[in-house]
Amino acid sequence: MATKTVCVTGASGYIASWIVKFLLQRGYTVKASVRDPNDAKKTQHLLALDGAKERLHLMKANLLDEGSFDALVEGCEGVFHTASPFYHAVTDPQAELIDPALKGTLNVLGSCAKTPSVKRIVLTSSVAAVAYNGKPRTPEVVVDETWWSVPEVCKQMQMWYVLSKTLAEDAAWKFVKEKGIDMVAINPAMVIGPLLQPTLNTSAATILNLINGAETFPNNTFGWVNVKDVAQAHILAYENPSANGRYCLVESVAHYYEIVKILRELYPNFKLPEKCADDKPFVPTYQVSKERTKSLGVEYTPLKEGIKETVESLIEKNFFAPTLTA
């Protein structure tokens with residue numbers, strides 16, 4: 001059993017909570033940062049995990065406070081930096097998304113640079129930092145880790161979350177290269193699957209919106225991946241000495257039409273949207289290379305299973321009470 005100490009930033013988040021759970025299962029001592037350790041909503045589900053009593057230490061840290069991660073990374077061999085805001089309704093993209101993502105990442109890396117015990121950083125990036133470069137994405141196109149989103153394209157399309165992840169990952173690579181720090185980036189697509197935390201996260205909300213009486217489904221195509229696979233990939237990226245560079249995590253690429261179709265198969269009595277939000281042609285699907293993630297040892301949960309887990313978790317957490325069609 002491992003008895004190494006590692007830390008996880010933004011530990012109360014959707015992906016981070018699963019990373020903490022799996023690290024504790026593997027015997028690690030985990031130092032975990034949350035914005036407010038006294039907020040039970042953010043900490044209760046973490047403190048309830050197996051092994052938490054003995055090996056989980058919650059600490060307060062804020063992405064925008066320089067040096068606030070020094071105490072967190074001290075004595076840690078591995079650092080999992082997952083903290084970064086993800087939501088769509090923003091009024092001030094710079095303050096709400098870009099600063100926390102970019103400055104927050106550099107703050108965490110700055111603390112790591114001062115800490116000789118740190119052997120490797122695993123950065124939670126996103127396919128958002130990969131796929132938005134203005135090139136068409138059609139069924140024969142294969143997106144892989146060499147792709148980078150282009151900030152100018154993101155700005156033109158007002159995709160502020162995508163911009164925040166692109167700038168943060170780019171700055172992170174430049175920083176670690178300059179300082180000679182070992183880093184691996186994990187770039188998941190739209191993450192679904194069971195929720196550990198009691199609050200609704202943005203990606204699980206996409207499924208909730210579809211089952212919660214929506215009249216239409218969005219005309220959009222995304223890569224989809226299970227949260228447990230994403231968390232496992234972070235740990236594989238930390239533990240596997242040969243892991244390097246970026247890893248795009250996508251189990252399948254599917255239009256919302258496909259997601260609704262799967263929901264209809266799983267839950268024939270749910271009231272589900274019948275039509276698309278616009279009458280334009282469906283945004284095409286594309287491919288994402290799985291070579292690198294397979295070499296890392298990632299085994300993907302099928303999309304249908306992930307959708308089912310998400311719905312059951314939403315019901316269990318009382319985000320959704322099914323009103324069935326007659």
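The charged end of Lys135 sits over the ring of Trp147, 4.4 Å from the ring centre; here a charge counts as over a ring if NZ of Lys or CZ of Arg is within 6 Å of the ring centre and within 35 degrees of the ring normal. Lys290 does likewise with Tyr300, at 5.2 Å from the centre. All this comes from a predicted model, where local features need pLDDT of at least 70, side-chain atom pairs count only at pLDDT 80 or more, and totals for chains, interfaces and linings use all residues. Residues are numbered from 1 along each chain as its sequence is written, and side-chain values use heavy atoms, leaving out hydrogens and water.

Rings also meet rings: the structure holds eleven aromatic pairs (Phe, Tyr or six-membered Trp rings with centres within 6.5 Å; planes under 30 degrees apart are stacked, over 60 edge-to-face, the rest tilted). One of them, Trp18 with Phe22, is tilted, at 5.5 Å centre to centre and 45 degrees between the planes. Both residues lie in helix α1 (residues 14–25), four residues apart, or about one turn of the helix. Phe80 and Tyr238 have ring centres 5.6 Å apart and planes at 65 degrees, so this pair is edge-to-face. It ties together distant parts of the chain, with Phe80 in strand β4 (residues 78–81) and Tyr238 in helix α9, 158 residues apart. Tyr28 joins Phe80 and Tyr238 in one aromatic cluster.

As for α9 itself, its buried residues (under 20% relative accessible area, 1.4 Å probe, protein chains only) include Val230, His234 and Tyr238. At the start of α9, a side-chain oxygen of Asn226 comes within 2.9 Å of the backbone nitrogen of Lys228.

Definitions and conventions: Buried < 20%, exposed > 50% of the residue type's maximum accessible area, 1.4 Å probe, protein only. Helix = DSSP H or I, 4+ residues; strand = E, 2+ residues; numbered from the N terminus. Polar contact = N/O pair within 3.5 Å; in protein donor to acceptor, adjacent residues only side chain to side chain.
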